[in-house]
Amino acid sequence: AYIFTENIAIEAAKWVFSVEMQFNPSSFNYSLIYLGISDSIITTPNGYAVKIGGSSDEVSLVRLDEGSEIKIIDGIDKRLDVSNPNVKILVERDTNGLWTLKSKLDTENEFVLEGEVFDNTFLTPKYFGIHHHFSSTRSDKFFVDSISVEGNPFTDRVAPSLLGFQKEEDSLFLKFNEPVSGFGKITLNDVLVENVMIDDFSVHLNPLQGWHNGELNKLLVTG
């Protein structure tokens with residue numbers, strides 16, 4: 001059983017929620033709380049999730065690579081090895097990509113650190129979600145409460161890199177290493193280029209103003 005809602009928080013982000021299971025979790029009966037994933041098709045998402053339960057009866061942070069779980073914070077084994085685990089979970093991620101996972105059982109007064117890790121593999125989530133994996137006798141014994149999600153969307157702070165260019169008659173095509181959304185300005189030999197067309201990874205300058213055939217040309221891209 002699963003449910004999703006839109007979420008793009010990933011920078012300076014904080015997730016808080018409580019999970020109760022009225023049984024001792026196992027490798028077949030556990031919960032995944034999707035902090036931020038790429039789509040709502042649970043077999044193939046990219047993103048991050050907290051796994052509660054599983055064979056080690058722990059709270060862990062997993063990265064989902066096209067649906068495959070890769071444990072990046074291995075929580076404390078047997079922490080949930082009780083008949084009725086009730087745990088509050090706190091996850092934080094800073095702007096540099098440092099993830100911190102903490103948990104607090106209902107018998108405890110303070111959060112316990114499960115682990116920390118740097119991971120910047122996936123930065124543009126679309127959804128937050130809840131997924132319970134259970135046998136038929138456990139279907140009505142999961143409870144999630146007090147959900148809070150805070151944070152900002154990813155901000156790309158690294159400028160695109162120019163991979164190369166191609167000149168064709170009165171046109172110049174620039175190829176970049178990532179999709180380009182816009183520029184402050186482009187100058188060619190100190191002449192402002194006004195006719196700029198952007199197409200994903202490519203920028204097309206036409207007509208080409210200021211180009212000197214057979215000479216060294218200076219192209220400056222800013223913004």
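Modeller: Before we look at anything, one term: two strands pair if DSSP finds at least two bridges between them. Keep in mind that this is a predicted model.

Biologist: Fine. Which residue stands opposite Val 191 in E15?

Modeller: Leu 188 does. Its surroundings are easy to trace: strand E14 covers residues 185-188 and pairs with E15 in the antiparallel sense, over 2 bridges.

Biologist: And what is the strand order in that open sheet?

Modeller: The order is E15-E14-E18, 3 strands with antiparallel pairing. E15 and E18 (219-222) are the edge strands, each pairing on one side only.

Biologist: Now charges. How should I read a salt bridge?

Modeller: The general idea is that side chains of opposite charge can pair when their charged atoms come close. In this model the count comes to 9 salt bridges. One of them joins Glu 58 and Lys 71, at 2.6 Å from N to O. Glu 58 sits in strand E5 and Lys 71 in strand E6, 13 residues apart.

Biologist: Is Glu 58 buried or exposed?

Modeller: Glu 58 counts as buried because its relative accessibility is 2%, under the 20% cut-off. Lys 71, at 42%, counts as partly exposed.

Biologist: Which residues form salt bridges with Arg 79?

Modeller: Glu 108 is one, with the closest N and O atoms 2.7 Å apart. That pair lies 29 residues apart, with Arg 79 in the loop between E6 and E7 and Glu 108 in the loop between E8 and E9. Glu 114 also meets Arg 79, at 3.1 Å. Glu 114 belongs to strand E9, 35 residues from Arg 79, and both Glu 114 and Arg 79 are buried.

Methods:
Residues numbered from 1 in each chain as written. Predicted model: local features only at pLDDT ≥ 70, side-chain atom pairs only at ≥ 80, totals over all residues. Heavy atoms only, no water. Helix = DSSP H or I, 4+ residues; strand = E, 2+ residues; numbered from the N terminus. Salt bridge = Lys/Arg side-chain N within 4 Å of Asp/Glu carboxyl O. Buried < 20%, exposed > 50% of the residue type's maximum accessible area, 1.4 Å probe, protein only.
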